[in-house]
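Let's work through some short exercises on charged side chains that pair up. Have a look at the model first, then try each task before reading its solution.

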Amino acid sequence: MKKRNPMALGMCLCLISVFNGGLVAAQSTWDLQAKVKEFAAGADTTLVLPPGRYVLPKEGLVLRKLKGRSIIARGVTLVGTDLDATALQFQECVDVTVDGLTLDYDPLPFTQGRLTAVDRTGRTADFQVSPGYPELGPVYLEGKNVHLFEKDSPRWKEGAPDYYPRKIERLAPDKGRLVFSEHAAGMDHLTVGDRVVLNVRKKPGVLVGSGCAKVRFINTTIHSAPGIGILVRFAEDAGVYENVRVVPGPRPEGAGEDRLFSTSADAFNAAYARKGPVLKGCDFSFMGDDAVNLHGVMLPVVKWLDDRSFVSMRAHKSERFDLLIRPGDEVRFLKPPTYAIAATGRVEAASLWDKPDAGVLADIKKIWPTSKGEGEGVFYVIKLKEQVAGVEPGDFCDIPATSAPGFEIRDSAFHDHRARGLRLMSNDGVVENCRFERLKGVAISVGPEYAFWREAGWCSDLVIRGNHITDVGLGANLRQADNYTTGAITIMGRRDPLKDDKSHFQGNARILVAGNVIQGCPVNGISVSAAREVEITGNTIRKVNLVDSPKMAADYGLGEQKPISVPHGGAVLRDNVIDP
């Protein structure tokens, strides 16, 4: 794609219209942000955008405080121009529908090329950027996220790990070198002619933000984003998504190869929402991470102010959980290393606390290993309706009402991407009649990521029914000692790695896994741990445990290799068909 100067765009958006099959410049420019503001202030309930390609200003497009409105954007493509900015934001929007929109970025948030030399002794691999794709500017070198694809097909290379080189050297504008550490895995999978992608992880393409409810996307397509495709945070509910596609876009000008990538991270990620999303008829593929991630908040107990009030905190000042948590919400107190539920309580009130604890701020990376320490932390006081016993500073808590409960994922396809299909840490949900194909990770994982990622929480009252899963778990990561997702469908709870305590708290409950077809997985078909009251019935399982994996999940004591494995959980198995 041609390089543009987004600063020169100001608030004026260039409109390109389709005419007789070609792209021609419109006669005038159109200020889309001003038009949306006018629409918000007026009485019309529907805004119809003229078909065309709209090049957004650097700061993207913000829709704020729309209520009861529809935006018809059939034939409309919005193009983000800054990889440090979200292209489309919704803030305090209620009952808003977007129909027909396409989103892309220029410059692309990735570049791709082919390996031209591999030095296994020197632990380097040289590559040439493919014509038409971005040259090796700093933004493509700094993230060190590298993906290995087959030479002659748009497929992640089977059996290869995720690659995070020690550094990426720029040898020329279109030539680079991957330099790997002494212990990095996967050198034996690198072959001259293989294709590689270097992706940028920064901002989401679409943000459904604070105060949003009943936001609907229909017939929407996302071709690229410098991070997550659609990110939902601090919304009253996570919205409805019908016929939403996350797929690679058209070839850039001058390119001889199709794009290998869509979004740089998850296709869809909803957290800190009081109601889960509805996804129906969606198609997500070629992302740099999971297809769908639903989770909640995990908060530390910093100190007790009195017998019913404790201080908690988050790493970033913008995370206003005091506004999301409501009176009556259940609080579950968790004890490392298994994150067993030690006590429960109910919220009376949640508020900001203006007395930051310098000691806790200094230990923020210990509390959240994923935190980059950006900005200031924010502290809260959570007051309970009643006293709880046995909860000490250093314990954690989660609040299920903020974990996007009540989700529905139906009749959708998740295929050809890195990591997991669905990563579910929420309650009262259903996954039905979906298709999962050619994933580096497992198809569905259910259960919290309390350790490291600090994503909540224990799951209950779920139905996983009638799904077709083919050729998943194709990356090498699943066979490593630090893996904890050991089946095409996995129910688990990520605890701290095993030391003296080898137990798994059975925090997940009341989960039905029924009528699914699993065909092709190097590890188990179904794995259950850290769970009780699980029913596994009427599933068909073929071609699993294809690779002997003696190290698999050794750090968690979950290495049993069977078509259906229940090493640390309670499950009823009935009428399952296992084809050897």
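**Salt bridges, step by step**

Glu 432 and Arg 410 meet in a salt bridge, with their closest N and O atoms 2.4 Å apart. This is a predicted model, in which local features need pLDDT of at least 70, side-chain atom pairs count only at pLDDT 80 or more, and totals for chains, interfaces and linings use all residues. Residues are numbered from 1 along each chain as its sequence is written, and side-chain values use heavy atoms, leaving out hydrogens and water.

**Exercise 1.** Explain why the Glu 432 and Arg 410 contact counts as a salt bridge, and place both residues.

*Step 1.* A salt bridge needs a side-chain nitrogen of Lys or Arg within 4 Å of a carboxyl oxygen of Asp or Glu. Here the closest N and O atoms are 2.4 Å apart.

*Step 2.* Glu 432 belongs to strand β37 (residues 429-432) and Arg 410 to strand β34 (residues 408-410), 22 residues apart. Strands (E, at least two residues) are DSSP runs, numbered from the N terminus.

**Exercise 2.** Decide whether Glu 432 is buried or exposed.

*Step 1.* Buried means under 20% relative accessible area, exposed over 50%, and partly exposed in between (1.4 Å probe, protein chains only).

*Step 2.* Glu 432 has 15% relative accessibility, so Glu 432 is buried. Arg 410, at 26%, is partly exposed.

**Exercise 3.** Find the distance between Asp 194 and Lys 157 in their salt bridge.

*Step 1.* Their N to O distance is 2.6 Å.

*Step 2.* Asp 194 is buried because its relative accessibility is 2%. Lys 157 is buried too, at 14%.

Key. Helices (H or I, at least four residues) and strands (E, at least two) are DSSP runs, numbered from the N terminus.
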